[in-house]
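Student: I have a new model to read. Please take me through it, and show me the reasoning behind each label.

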Amino acid sequence: MKCIRAVGSLLLSAIVFWGLNQRHGMIPPAGKLLNPFAGLWLNNERGDRPPEKLDLPGLESEVRVRWDDRRVPHIFASNDHDLYFAQGYITARDRLWQMEFQTHYAAGRLSEIIGPPGLEMDRLNRRFGMVWAAENTVRFLESDPVSTRIIDAYTAGINAFIRTLGRRSYPIEYKILDYQPEPWTPLKCALLLKYMAFDLCGYSMDPGLTEMRIGLGEAVVDRLFPYDEPLVDPIIPPGTTWDFTPLPAPPIPAENAAAAPGQAAAIPAPDNSGKEKGSNNWAVAGTRTKTGFSILCNDPHLLLTLPSIWYEIQLNAPGVNVGGVSLPGAPFVILGHNDRIAWGFTNAGSDVLDWYAIRFKDQTRAEYWHDGAWRATQRRTETIKVRGGREVADTMIFTQHGPVVRLKGEPPLSERDVPVEAALRWLAHDSSNEIRTLYALNRAGSYDEWLNAVAGWDCPAQNFVYADAAGTIAIRHNGKFPLRWKGQGRFMLDGSNPAHIWRGWVPREHIPAVKNPERGFVSSANQKPADAGYPYYLGSDYAPFERGARVNQLLSGMTNVTPDDMIRMQSDSFNLRARTVLPALLPHLRGRDLSEAERKCLDELDSWNCASAPGLIAPTVFAQYWYEFNVQTWNDEKKAPMRMTDWPNSHVVIDLILNHPDDPFFDDKATPGRESLADMAFLAFRSAVGALEKRLGPPGPAWSWGRWKGTDIAHLGRIPGFGRMRLPTNGGEGIINATGRTDGPSWRMVVELGPEIKAWGIIPGGQSGNPGSRFYDNAVDDWVAGKIYELVFLKSPDASNDKIVARTTLGGLK
């Protein structure tokens, strides 16, 4: 009997031991996590102190690294190979899990980590052609010796770090999610670039606008989504003359159908999910600054996560000395400056993605109709490994236009609105070499060298701003753009009509650009690139007018500009939308029979200075009021209520309010009477106040903007406790500081380009990817407060600087 009990105890212990060391669904393996020799206890601050010496086989010479007091590495190497090897190693040391998780996402491999919940997103990314696009890029990179040498060195550096790891030293996310890192490859670098392209130019409104055209008519669509947008101050100063002879646009086909003959595609609402995140950049000429030196500023607004999307770094080798931020998983400095020039990006937003309605011959989808004949499709089968489940073989169908992302009978694919039986033509699928562009950009020392560097940048298109120590400022709406007839790609295209395919490219020397404009500054805020005088059609889905107009308004009124002025301007919280529209709406509220809460809200709006500060109630009231006004105005225009993504841009709505108050759009078609703008203004206000009361109670502190909006910087893997949530930020949609609930300035940078470059910057997080490190989120509170740090930029590893706190020597021979 004792033997039986003993065996039973051993068996029970074994079962418990086994259970504690396995993951159960999304519950991490407690035994592994709590292991005193390899568990989470080791993921503390011990790694914050950089080592003095590391022997790294693979280096050709000694590399010296200086660490400043924010743990930014300043890397000094004697050749390119060692520079990018060291960049790969050091970046992986701080951000390996982030780098790998993002590339798993882009490759459609989340299911390998999290199981069935990741399958839908994996299928979307694979069907979107992310892996195929990355493979195309790698093949193209391999044809360029410089790019190959850099990517190989960077990859080798990452793998050198991975080889140092055992389970006890894995980043904590590997322990919680119970998997291990795999070797890095050049394909992962390419996937990371496609991940950014997916975020910045992987959206489209043409399927939804097609549905609107069917339901409302093309004339109505043209009014709500006009080619020539009201109130917008474009990137290139209005009235600019173009010193080139434009290429003729392709002829508009006689039959410009929305779908192929016999095709009844299911078309979703517009997807403008990537459009309004809020990036800004500008450069001010020395004629407007106090010192006479030009100043460049950039604050790209992206999804906010911890670890931060950017990693601050300085890179120095013969021919290059550059500082700024890198993208973990890719070499170089992406946004920053060297000792002669500075540059920054905002998203361009021009149309490089079209959907083509496809008519298949039969259910096998082996052939499709194009140019009067049946054409063979191509197939590519990808295997999706699912943790805790069976592998899924997913077959992608390709036409000459691109992959068919969603087939008839399939459910919607995750967060993106994808039309059924439509092929995707996306510029990011094409081979390109942004790696070579960044290599040249980091080394450029003059306007001409910068211009030559950015000429190789294809996708995602960006507004490149430039300034140099010689006093030149410039901006380019830079990328590779299809040569289109006016409106091509605005609606879904006919996959059977050869006239609908892209027929060429806008010449690089013809893209919207300006150098040293008379007004003394250049700027962009994702708005339309040029006025109606520009001869090419690039698209019609750009950001609303407010941020661009506010930037130009402030810069136009500034003289003796200082870096401090620019730092304050990046945190500007003035709501130009409210200032523009409230004088036309509030008179319709006065004299009405208002409740006590409504009167208080009207008083708040009447006395508001239009600053979107965390402690104010008025920004909350206005945000809800604007939402309800759009609901009241647009939800009766279709049989099914419009979603927010259906609504016209704010400048269209404001133009109707200011200049067309009797427009039939203000009539509620669900009622027998005819409503006016006055009726809509009052009904929306009453609905807004009622909605806020229902959610927050009577007007009071709970209505404050900081509490209503709040900003969440969630962990990239959404692991609870590893983010910073409900931060009381200022700003908001349509504001220079466009910080929202999950998006915001991912990097603020100001650079003064004198004989000695001075720069300031901040990321909403820290350098480390380890939640146990004090450098994980040490900058978040200063970022919320609008503070910014002076950046360390060393000329040599022996340069004296009080902010240098540690030194590391990397040694080892091949």
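**Cores, helices and strands**

Tutor: Start inside. The largest nonpolar core has 140 residues, and Phe128, Trp310, Trp426 and Trp450 touch the most other members. Helix 3 (residues 80-106) gives the most to this core, with 13 residues. A second core of 53 residues lies apart from it, with Met205, Phe574, Leu582 and Leu585 among its members. Keep in mind that this is a predicted model.

Student: Why would such residues gather?

Tutor: In soluble globular proteins, nonpolar side chains tend to be buried together.

Student: Which residues does Trp426 touch, leaving out those up to four places away in sequence?

Tutor: Its contacts are Phe128, Met130, Lys194, Ala197, Phe198, Cys201, Gly202, Val352 and Leu353.

Student: What makes strand 18 (residues 422-426) largely enclosed?

Tutor: Count its buried residues. 5 of the 5 are buried, so strand 18 is largely enclosed by the rest of the structure. Ala422, Leu424 and Trp426 point one way, while Ala423 and Arg425 point the other way. Both sets are buried.

Student: How many bridges join strand 12 (residues 353-357) to strand 18?

Tutor: There are 5 bridges, and the two strands run antiparallel. Pairing takes at least two bridges. Therefore strand 12 and strand 18 count as paired. Trp355 stands opposite Leu424 in strand 18.

Student: Why is one side of strand 7 (305-306) and of strand 25 (724-727) left without a neighbour in the sheet?

Tutor: Look at the order. The sheet is open, with 3 strands in the order 7-24-25 and mixed pairing. Strand 7 and strand 25 stand at the edges, each with a single partner strand, so one side of each has no neighbour in the sheet. Strand 7 pairs with strand 24 (residues 711-715) in the parallel sense over 2 bridges. Leu306 stands opposite His715 in strand 24.

Student: How do you know that the span of helix 17 (residues 596-607) agrees with its 12 residues?

Tutor: Set one value against the other. At 1.5 Å a residue, helix 17 should span 16 Å. Its end C-alpha atoms are 17 Å apart, which agrees.

Student: Which residues of helix 17 are buried?

Tutor: They are Ala597, Glu598, Cys601, Leu602 and Leu605. These buried residues cover an arc of only 135 degrees around the axis, which puts them on the same side of helix 17. The face turned away from that side carries the exposed residues Glu596 and Ser607. The cover over the buried residues includes helix 16 (576-585), helix 18 (618-634) and helix 20 (677-696).

Student: Why is Cys610 called buried?

Tutor: The cut-off is under 20% relative accessible area. Cys610 has 4%, so Cys610 is buried. Cys297 is at 0%, so Cys297 counts as buried too.

Student: How many disulfides does the structure hold?

Tutor: The structure holds 0 disulfides.

Student: Why is Trp505 called partly exposed?

Tutor: Partly exposed lies between the 20% and 50% cut-offs. Trp505 has a relative accessible area of 31%, so the label fits. Trp505 is in the loop between strand 21 (493-494) and strand 22 (513-515). Its C-alpha atom is separated by 4.5 Å from that of Pro482, 23 residues apart along the chain.

Student: And the whole chain?

Tutor: The chain has 814 residues, of which 62% count as buried. Its secondary structure comes to 22 helices and 30 strands.

Key:
Residues are numbered from 1 along each chain as its sequence is written. This is a predicted model: local features need pLDDT of at least 70, side-chain atom pairs count only at pLDDT 80 or more; totals for chains, interfaces and linings use all residues. Side-chain values use heavy atoms; hydrogens and water are left out. Helices (H or I, at least four residues) and strands (E, at least two) are DSSP runs, numbered from the N terminus. The expected span of a helix is 1.5 Å times one less than its number of residues. Buried means under 20% relative accessible area, exposed over 50%, partly exposed in between (1.4 Å probe, protein chains only). The arc is that of the directions from the helix axis to the C-beta atoms. Contact means heavy atoms within 4.5 Å. A nonpolar core is a set of buried Ala, Val, Leu, Ile, Met, Phe, Trp, Tyr and Cys residues joined through side-chain atoms within 4.5 Å. A disulfide is a pair of cysteine sulfur atoms within 2.5 Å.
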